Amino acid sequence: MEKQPIEAKARRAFTRLSQSINRLMRDQLACGPVTIQQCYAMEALVEGPLTMGRLAARVGMHQSTLTRVIAKLEQLELVERERDAENQRKVEVRLTAQGSDVYRMLDVECNRVVAGVLQLFPKKERAALVDSISRVAEVLDPDAPAFRALLEGCCAAGENR
């Protein structure tokens, strides 16, 4: 069997990791009040309000998809939207008190599941694993200039995903 280039091996690993995390999150949230997309949006809002544009970038959703996600969270009274008084096109989203409570409950449950995942690795490897995953997350942060520059080279960058 021919050895894979490191880029192909990394891409396949990223794909499997993304699929596994999405499946784990979807199964975990199945009995809760929110979907995986709604959970991602709420998690992004924990640190404070964001404009719809910043929120879309943070969670990696197209703005039209995010609008539907936020509308449903608003119906559940977990978030609220507010238009900027000076620029009516600018909409800021924030968690409500109820949304913060729901997120804290989800956070506890997610941490429990992640603790279970970490138990699948030898204890001596866990810190290095978490450090590596944290580093990947830093590099892939939509606010990181190097990552933004990388996205500009993508074929669909002009489509404003």
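This passage describes the overall architecture, the packing of selected helices, the nonpolar surface and the charged side chains of a predicted model.

The protein contains 7 helices and 3 strands, and the order of these elements from the N terminus is α-α-β-α-α-β-β-α-α-α. The C-alpha trace extends over about 60 × 40 × 25 Å along its principal axes. Of the 161 residues in the protein, 24% are buried, and the accessible surface amounts to about 11,600 Å², with 56% of that area belonging to carbon and sulfur atoms. When contacts between residues at least 6 apart in sequence are considered, 42% of them link residues that are at least 24 apart.

Helix α2, which covers residues 36–45, is mostly covered, since 7 of its 10 residues are buried. The buried positions of α2 are I36, Q38, C39, A41, M42, A44 and L45. Two of the residues examined individually have contacts that reach into this part of the chain. N22, located in helix α1, touches I36 and Y40 once residues up to four places away in sequence are set aside. The C-alpha atoms of N22 and I36 lie 7.7 Å apart in space, with a separation of 14 residues in sequence. N22 has a relative accessible area of 27% and is therefore classed as partly exposed, whereas its contact partner I36 is among the buried residues of α2.

R58 belongs to helix α3, residues 52–59, and is likewise a partly exposed residue, with a relative accessible area of 31%. Apart from neighbours within four places in sequence, R58 is in contact with A44, L50, P142 and D143; of these partners, A44 is one of the buried residues of α2. By contrast, R58 and K123 are separated by 32 Å from C-alpha to C-alpha, and by 65 residues in sequence.

On the surface, the side chains of F14, L17, I21, V136, V139 and L140 make up a nonpolar patch of about 490 Å². At least two residues of this patch come from each of the helices α1 (6–29) and α6 (123–139), and α1 makes the greatest contribution, with 3 residues. L17 is a member of the patch that is found in helix α1. With a relative accessible area of 46%, L17 is partly exposed; membership of a patch requires over 30% relative accessible area, so the value for L17 meets that condition. Helix α1 thus holds both L17, a contributor to the nonpolar patch, and N22, which touches I36 and Y40.

The protein carries 24 positive and 22 negative side chains, and the centres of these two sets are 7 Å apart. A search of the whole structure identifies 6 salt bridges. One of these is formed between R94 and E82, whose closest N and O atoms are 3.3 Å apart. Because R94 lies in strand β3 (residues 91–95) and E82 in strand β2 (residues 79–83), this pair ties together parts of the protein that are 12 residues apart in sequence. The relative accessibility of E82 is 46%, and this residue therefore counts as partly exposed.

Two further salt bridges are each contained within a single helix. In the pair R104 and D101, the closest N and O atoms are 2.3 Å apart, and both residues lie in helix α5 (residues 97–118), 3 residues apart, which corresponds to about one turn of the helix. D101 is partly exposed, with a relative accessible area of 43%. In the pair E138 and R135, the closest N and O atoms are 3.4 Å apart, and both residues belong to helix α6, again with a spacing of 3 residues, or about one turn. Beyond such pairs, E82, E92 and R94 are joined into one network by salt bridges that share partners. As to the helical spacing, an α-helix has 3.6 residues a turn, so residues three or four places apart point the same way.

Helix α6 accordingly appears in two parts of this description: it supplies at least two residues of the nonpolar patch, and it contains the salt-bridged residues E138 and R135.

How values were computed: Residues are numbered from 1 along each chain as its sequence is written. This is a predicted model: local features need pLDDT of at least 70, side-chain atom pairs count only at pLDDT 80 or more; totals for chains, interfaces and linings use all residues. Side-chain values use heavy atoms; hydrogens and water are left out. Patches are made of residues with over 30% relative accessible area and no salt bridge: like charges are joined within 9 Å, nonpolar side chains (Val, Leu, Ile, Met, Phe, Trp, Tyr) within 5 Å. Accessible areas come from the Shrake-Rupley method with a 1.4 Å probe; for residues, only the protein chains shown count as cover. A salt bridge is a side-chain nitrogen of Lys or Arg within 4 Å of a carboxyl oxygen of Asp or Glu. Helices (H or I, at least four residues) and strands (E, at least two) are DSSP runs, numbered from the N terminus. Buried means under 20% relative accessible area, exposed over 50%, partly exposed in between (1.4 Å probe, protein chains only). Contact means heavy atoms within 4.5 Å. Lys and Arg count as positive and Asp and Glu as negative; His and the chain ends are not counted. The place of a charge is taken as NZ of Lys, CZ of Arg, CG of Asp or CD of Glu.
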